[in-house]
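Q: Please take a close look at a single part of this structure, namely one place where two helices from separate chains meet. A connected account for a newcomer would be welcome.

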Amino acid sequence: MSAKNDWLQPQPIELDVRLIPHDRRHDIIFTCLQHLKQDQQLQLIVDHDPLPLRYQTEALWPGQYTWKYLQAGPSVWRLTVERSDTGA
Amino acid sequence: MSEPLSRENSEHALVEQLVTLLIRSLRLHRDQASSGEAATLAAQAWAALRNPYPQLAERLNGTLHYLTNVRFSEEKFEEETETPAGRTLPILDVRDAPPAQRHEQILGHFAALQPGEAFIIVNDHDPKPLYYQLQAEQPGKATWEYLESGPVVWRVRLGRAT
């Protein structure tokens with residue numbers, strides 16, 4: 001996985017959560033998180049701060065994911081999530 | 001309702017009762033310095049309940065949203081249920097909505113009903129005050145039928161009269 005082989009890098013997963021019904025959102029995001037590869041980003045677009053999801057992720061997989069806010073409201077939140085367990 | 005409780009049923013009822021108490025105590029931390037820790041505990045309880053008691057876990061999910069002050073632009077109709085006529089009715093579970101928003105949510109959905117349509121309210125106390133409010137403001141417009149009357153959960157079929 002050297003920087004030269006950019007085309008081998010896993011593509012980011014982009015998920016516009018606003019399009020998903022409320023009651024299905026968390027399950028779909030959990031599935032994405034579980035399939036996230038090392039160095040792969042999950043990009044989320046949400047209509048509220050996804051704090052509850054972050055607490056749940058931390059409860060299920062403590063310390064495994066890093067969250068970065070690119071935009072924090074007032075009407076749209078954009079975040080990237082990466083695996084932070086190196087495992088290497 | 002009057003069938004004897006099996007051991008499994010009574011255990012489920014006990015878990016449900018404890019979850020209700022847990023939620024009530026966690027909700028006290030909203031807007032306090034301790035709200036982050038309360039949210040962490042709510043998430044851990046959610047994770048523990050997720051597989052054995054998915055519906056109770058969903059209530060803790062609601063508690064998490066309450067503790068973190070998430071405002072939804074729309075309420076969720078989370079599941080459907082069978083009616084005697086074989087049709088399904090939407091369920092509006094307001095147990096984890098902030099109390100101040102419960103009437104508003106329910107009245108919003110009532111306003112959207114066509115004559116003859118109905119939905120089911122799920123609440124953690126008797127929503128009778130709402131019934132009085134409806135009777136006072138829109139006399140004769142609402143039908144109100146208790147499907148379950150506590151002690152932990154109340155289910156009311158709220159419909160628009162034909």
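**A helix-to-helix contact between chains A and B**

A: From the N terminus on, the elements of chain B follow the order α-α-α-β-β-α-β-α-β-β. That order comprises five helices and five strands. The model is a predicted one, and its scores are ipTM 0.75 and pTM 0.58.

The part to examine joins helix 3 of chain B, residues 54-67, to helix 2 of chain A, residues 51-60. The two helices pack at an angle of about 125°, and their axes lie 8 Å apart. An angle between 115 and 145 degrees is neither roughly perpendicular nor roughly antiparallel; helix 2 of chain A and helix 3 of chain B are therefore oblique to each other. The crossing of helix 2 of chain A with helix 3 of chain B is right-handed. On the side of chain A, the contact is made by A:Pro52, A:Tyr55 and A:Gln56 of helix 2, while helix 3 of chain B contributes B:Asn61, B:Leu64 and B:His65. By character, the residues of this contact comprise three nonpolar, three polar and no charged.

Helix 2 of chain A also holds A:Leu60. This residue has 17 C-beta neighbours inside 10 Å; since burial requires 20 or more and exposure 12 or fewer, A:Leu60 counts as partly exposed. A:Leu60 may also be placed relative to A:Phe30: the two are 30 residues apart in sequence, and their C-alpha atoms are 9.6 Å apart in space.

The wider setting of helix 3 is chain B itself. Chain B has 162 residues, of which 25% are buried. Among its contacts between residues at least 6 apart in sequence, 57% join residues at least 24 apart.

Confidence should be considered alongside these features. The average pLDDT of chain B is 82, and 86% of the residues score at least 70. Within chain B, the highest confidence belongs to helix 2 (residues 35-49) of that chain, at a mean of 94, and the lowest to strand 1 (residues 80-82), at 46. Over residues 72-86 of chain B the pLDDT is below 50, and this stretch has 24 contacts in the model beyond near neighbours in sequence.

In summary, helix 2 of chain A and helix 3 of chain B are oblique to each other, and their contact includes A:Tyr55 and B:Leu64.

Note on methods
Residues numbered from 1 in each chain as written. Chains lettered and ligands numbered in written order. Predicted model: local features only at pLDDT ≥ 70, side-chain atom pairs only at ≥ 80, totals over all residues. Axes fitted to C-alpha atoms, helices over the stretch in contact; angles between N-to-C directions. Helix = DSSP H or I, 4+ residues; strand = E, 2+ residues; numbered from the N terminus. Parallel < 35°, antiparallel > 145°, perpendicular 65-115°, else oblique. Left-handed = near helix turned anticlockwise from the far one by under 90°. Contact = placed C-beta atoms within 7 Å. Nonpolar A, V, L, I, M, F, W, Y, C, P; charged D, E, K, R; others polar. pLDDT = per-residue confidence, 0-100.
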